[in-house]
Amino acid sequence: MASARSRIFRTCCQFRGREELWRTWKMEGIGGAFLREFSSFVTRNINQQTLEEGNRMLDDEIAYVRDAFASVKRRFLEIPDALRQIPMKNPEGVYVNKNLKLADIRVYGFDYDYTLAHYSAKVQNLIYDTAKEYLVNELKYPDSVMESKYDNSFPIRGLCYDKFKGCLLKLDFFASIEPDGCYFGRRKLSRSEIDSLYGSRHIGHDQAQGLVRLMDFFCFSEACLIADIVQHFVDGNLEFDASNVYDDVRKAITHAHVSGLAHRKILSNPGKYLKKNEPLLHFLRVLRDNGKKLFLLTNSPYFFVDGGMCFMFEDSLGYQETWRELFDVVIAGAHKPEFYTSEHPFRCYDIEKDTLGFSRVDSFLPNKIYYHGCLKKFVEITNWKGPEVIYFGDHIFTDLRGPSKAGWRTAAIIHELENEIWIQNGDTYRFQQAKLHYIHDLLTRLLAAVGTSHPSSDYHSLVKDLNNERQNIRRSMRAMFNESFGAIFMTDTCQESAFAYHIHRYADVYTSKPENFLLYPPKAWLHVPHDVKILPHQVKVPSSLLRM
């Protein structure tokens, strides 16, 4: 027994200093020292074996991803037939965020601009030029500002302007800056510049206080003019305050509308700016024939609405028939969104004299026009309440947020929706999305298994190749919609945008134009699809289409 212990002692001494082990022997006895040393010896050998086995598994994982990437790149050369079997989305469909039973809707309300009225792209040039002239002539901006021109390819709806830092931003669903969606003037900022300026891509509560949301269709000219003015100051090496730029441009854009300059120019040549719309007239008549009540609620002045409606319907209205007969109530100059929270009284408008009456309005009379007012008085007079009313509008905050909070049903009119769905229906877009999802799956698998600290050059080369391929696909998809900011509903990472978030929050349904409701029976029950993540019009192409 003694000789066996001596052999064990000599073996253990290979892994630990003799003097240290001898001291331990004397203190604990040969049995305790042996068990501790033997356990340590076994553990170290197991750990070594585990490490070697883990490294082999990581190398196998890297090899698998590398082979899968090489294989799928060969399939990137040809669009798979399975891609064409994915159902198409209807560009003129009505998409549902909250179930809507049309049989329960008694009252249909409409905004005018970009809801009932369909404008051509030329109206953005008109507003831009009118506001630009105001900046130079009234606010004494440099004459060189007059050289700038509206760029239809630059802005999209749903951007934010940072009054503190002067940047035009596209945010995602979680209020983070899209990496390729941050512009200072007309220059796109790099990711490192965004991090340096904001600390991180996420916009915190304090930073959000300086953001102005550009959400309606008129915002195109506003966003472009803001960026051009900032760029003008940068190019001239002139000091400026980003907040003052916004205030001045906002004042100029408002002046273009309030002064009536833009309105008169549009009506002087309606064929250039407005689109005739017989299907809209048919939709309004169908509603009337089915016993629905209709009202028009707009911030625009009556003369502008009347001129536009007469032009749009002049080929379709009967003899001595007027567009006003389609509506039970017509309200102009409503001052939305204050309309929904104020207690302003209504005033009757005299069409012939172009004046407002002084008497109290306690009822809405047929074929009369009313100005101003408030939601509280509107409900009191009409007794139209809550979920029996649906209101159509294009501006999330001016048109839809107030009615949504008041219990009305809401329908967002988003003209760009048609074009975005046409693009998503195309083979090229769907193929790119499938590729993007597949590359993302490979990257996710690799990083989850290996992490970011693997020492091999093969690993780092693979990660770089995957990232480069992903960036190329994202740029390709972005360019299909807009070179500067991409799609309005999605970010480059295929996450929903901040604009999509607000649509989901404040619009029960959304579509490209009101007359799209003609596709559905008057008593249809519109349901949210069961397979929807956020917005129901988005196509979701699975990466499995590219797997063997």
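With which residue does Asp-129 form a salt bridge, and how far apart are the closest N and O atoms? In this predicted model, the partner of Asp-129 is Lys-132, and the closest N and O atoms of the two are 3.4 Å apart. Side chains of opposite charge can pair when their charged atoms come close. Both Asp-129 and Lys-132 belong to helix 3, which covers residues 122–137, and they are separated by 3 residues, or about one turn of the helix. An α-helix has 3.6 residues a turn, so residues three or four places apart point the same way. The two partners nevertheless fall into separate classes of accessibility, since Asp-129 is partly exposed at 31% relative accessibility, whereas Lys-132, at 6%, is buried.

This pair belongs to a total of 30 salt bridges. Another joins Arg-187 to Glu-193, with the closest N and O atoms 3.2 Å apart; here Arg-187 is partly exposed with a relative accessible area of 42%, and Glu-193 is likewise partly exposed, at 30%. A further salt bridge is formed by Asp-362 and Lys-377, whose closest N and O atoms lie 3.3 Å apart. Because Asp-362 sits in the loop between strand 12 (355–356) and strand 13 (369–372) while Lys-377 belongs to helix 12 (residues 375–382), this pair ties together parts that are 15 residues apart in sequence. Asp-362 is partly exposed, at 46% relative accessibility, but Lys-377 is buried, with a relative accessible area of 13%. Salt bridges also link four residues, Lys-170, Glu-178, Arg-478 and Asp-492, in a network.

Three members of that network, Lys-170, Arg-478 and Asp-492, appear again in the lining of the largest cavity. The search of the whole structure finds 5 cavities of 30 Å³ or more, and the largest has a volume of about 90 Å³. Its lining also includes Tyr-429, Arg-474, Met-477, Phe-481 and Cys-494. Helix 16 gives the most to this lining, with 4 residues.

Open space was examined as well, and the largest pocket has a volume of about 1000 Å³. Of the 35 residues that line this pocket, Arg-250, His-257, Asn-299, Lys-336 and Thr-398 are the closest to its centre. Several elements each supply at least two residues of the lining, namely strand 8 (211–214), helix 6, helix 7 (242–258), strand 13 and helix 13 (396–406). The largest share comes from helix 7, which provides 6 residues.

Helix 6, one of the elements that line the largest pocket, comprises residues 219–235. From the first C-alpha to the last, its 17 residues reach 24 Å, close to the 24 Å expected at 1.5 Å a residue. Helix 6 is mostly covered, with 14 of its 17 residues buried, and it is followed by Asn-237, whose phi is positive, near 55°.

Helix 6 is also among the elements that cover the buried residues of helix 14, as are strand 1 (95–96), helix 15 (427–450), helix 16 (457–481) and strand 16 (509–511). Helix 14 itself, made up of residues 416–425, is mostly covered, and 8 of its 10 residues are buried. Among these buried residues are Leu-417, Ile-421 and Ile-423, but also Glu-416, Glu-418 and Glu-420.

A loop residue, Glu-325, was considered in its surroundings. Glu-325 lies between helix 11 (302–313) and strand 10 (329–332), and at 45% relative accessibility it counts as partly exposed. When its neighbours within four places in sequence are left aside, Glu-325 is in contact with Arg-288 and Gln-320. The C-alpha atoms of Glu-325 and Pro-366 are separated by 7.9 Å, although these residues are 41 residues apart along the chain.

Cysteines were examined last. A disulfide is a covalent bond between the sulfur atoms of two cysteines. The search of the whole structure finds 0 disulfides. Among the cysteines, Cys-160 is buried, with a relative accessible area of 5%, whereas Cys-310 is partly exposed, with a relative accessible area of 36%.

Definitions and conventions: Residues are numbered from 1 along each chain as its sequence is written. This is a predicted model: local features need pLDDT of at least 70, side-chain atom pairs count only at pLDDT 80 or more; totals for chains, interfaces and linings use all residues. Side-chain values use heavy atoms; hydrogens and water are left out. A salt bridge is a side-chain nitrogen of Lys or Arg within 4 Å of a carboxyl oxygen of Asp or Glu. Buried means under 20% relative accessible area, exposed over 50%, partly exposed in between (1.4 Å probe, protein chains only). The expected span of a helix is 1.5 Å times one less than its number of residues. Contact means heavy atoms within 4.5 Å. A disulfide is a pair of cysteine sulfur atoms within 2.5 Å. On a 1 Å grid over the protein atoms alone, a cavity is a set of points where a 1.4 Å probe fits but cannot get out, and a pocket is an open set with protein on both sides within 12 Å along at least five of seven lines; lining residues have an atom within 4 Å of a point. Grid points are joined across faces, edges and corners, and a volume is the space filled by probe spheres set on the points.
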